[in-house]
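User: Please take a close look at one part of this model, and set it out in a connected account together with the elements around it.

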Amino acid sequence: MLIVLFPVYALNAPQPIYEYIKSLSKANKTPAVVISVSGGGEITPNTACRLHCIRHLEKKGYEVVYEQMLVMPSNIFMQTPNQLSVLLLEILPAKVEKIVDDLFLGVTRRTRPNLLDRFFSSAAEFYKSKHGSARLGKRIKLNEACTGCGLCARSCPRENIMIQDKVPVFGGECVLCLKCIYGCPAKALSLSGDKFIVIKQGYDLDTIEQLKSEEDSTPIEELAKGYMLNGVKKYLLDKEN
């Protein structure tokens, strides 16, 4: 069984996932599992986020028997409230255990993305193929706080950053994971022209894990108000999946 797990990027899987699938040998109905991870959950426009990945796997001869969405604190556009972030991390082991139990029991789980989300997913995939995050990656800028430590280059999953004369230089293989921006100890990197994408407060799971749930915590329905958090609320309250 092949298990593919990826963070949702531009309503789909990020480019490295497609590159990985392309590198696989042809399969003969080998079962495959696709797990996506997002900050918003299984709601519009995310319901078709696994569709293109599944199609790529099927073209390789895999039979996708199970798909699921996990939710983590958002690292893009909007910050997940601290209490919700803590709850998401606390519930994660149970969610993973449920997936593992399903797989051992042979449970089949496939979803039906709605038509609008299929359109959104295809449009985003087309844009990504023409422009992609590489274009955005070229707009990562540094300020005078940069010390030339090279941490961004060492931590880049695409080896897209080179240090030249103690200055990071960005290539064309960026997947906009934002690891360099959030991980810079000097806070020297920013995304010019698209600052709304990056959470101003930063993003660090270690910091979130150090937070503790309040003993008299507010009900999830009160913490997750508004459409943007509907998927998170549904995920936290759903005890079956």
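Analyst: In this predicted model, the backbone oxygen of G41 lies 3.4 Å from a polar atom of the side chain of N46, a separation that falls inside the 3.5 Å limit for a polar contact. N46 itself has its place in the loop between β2 and α2, the latter covering residues 51–59. With a relative accessible area of 11%, N46 is buried, because the threshold for that class is under 20%. Leaving aside residues up to four places away in sequence, N46 touches V8, L11, S38, G40, G41, M69 and D117. The C-alpha atoms of N46 and N12 are separated by 8.0 Å, although the two residues are 34 apart along the chain.

The loop that holds N46 follows from β2, and β2 belongs to an open sheet of three strands, ordered β1-β2-β3 and paired in parallel. Strands β1 (2–7) and β3 (62–71) stand at the edges, each with a single partner strand, so one side of each has no neighbour in the sheet. On average, and with direction ignored, neighbouring strands of this sheet are turned by 20° against each other.

Between β1 and β2, the latter spanning residues 30–38, the parallel pairing is made by six bridges. Along this pairing V4 stands opposite V34 of β2, while P7 stands opposite V37 of β2. The residues of β1 are divided between two faces, with L2, V4 and F6 on the covered one and I3, L5 and P7 on the uncovered one; of the two β1 residues just paired with partners in β2, V4 therefore belongs to the covered face and P7 to the uncovered face.

Helices complete this surrounding. Strand β1, helix α1 (residues 15–23) and strand β2 form a β-α-β unit that is right-handed. Helix α3, made of residues 82–105, lies across β1, β2 and β3, and runs at about 160° to β3.

A separate point concerns the cysteines, since a disulfide is a covalent bond between the sulfur atoms of two cysteines. A search of the whole structure finds zero disulfides. For C156, which is in no disulfide, the nearest cysteine sulfur is that of C177, 6.2 Å away, and at 17% relative accessibility C156 counts as buried. C174 is likewise in no disulfide, with the sulfur of C180 as its nearest cysteine sulfur at 6.6 Å, and C174 also counts as buried, at 12% relative accessibility.

Technical notes: Residues are numbered from 1 along each chain as its sequence is written. This is a predicted model: local features need pLDDT of at least 70, side-chain atom pairs count only at pLDDT 80 or more; totals for chains, interfaces and linings use all residues. Side-chain values use heavy atoms; hydrogens and water are left out. Two strands pair if DSSP finds at least two bridges between them. Helices (H or I, at least four residues) and strands (E, at least two) are DSSP runs, numbered from the N terminus. Axes are lines fitted to C-alpha atoms, for helices over the stretch in contact, and angles run from 0 to 180 degrees between N-to-C directions. Contact means heavy atoms within 4.5 Å. A disulfide is a pair of cysteine sulfur atoms within 2.5 Å. Buried means under 20% relative accessible area, exposed over 50%, partly exposed in between (1.4 Å probe, protein chains only). A crossover is right-handed if, with the strands pointing away from the viewer, the path from the first strand over the helix to the second runs clockwise. A polar contact is a pair of N or O atoms within 3.5 Å; within protein, one must be able to donate a hydrogen and the other to accept it, and residues adjacent in sequence count only if both atoms are side-chain atoms.
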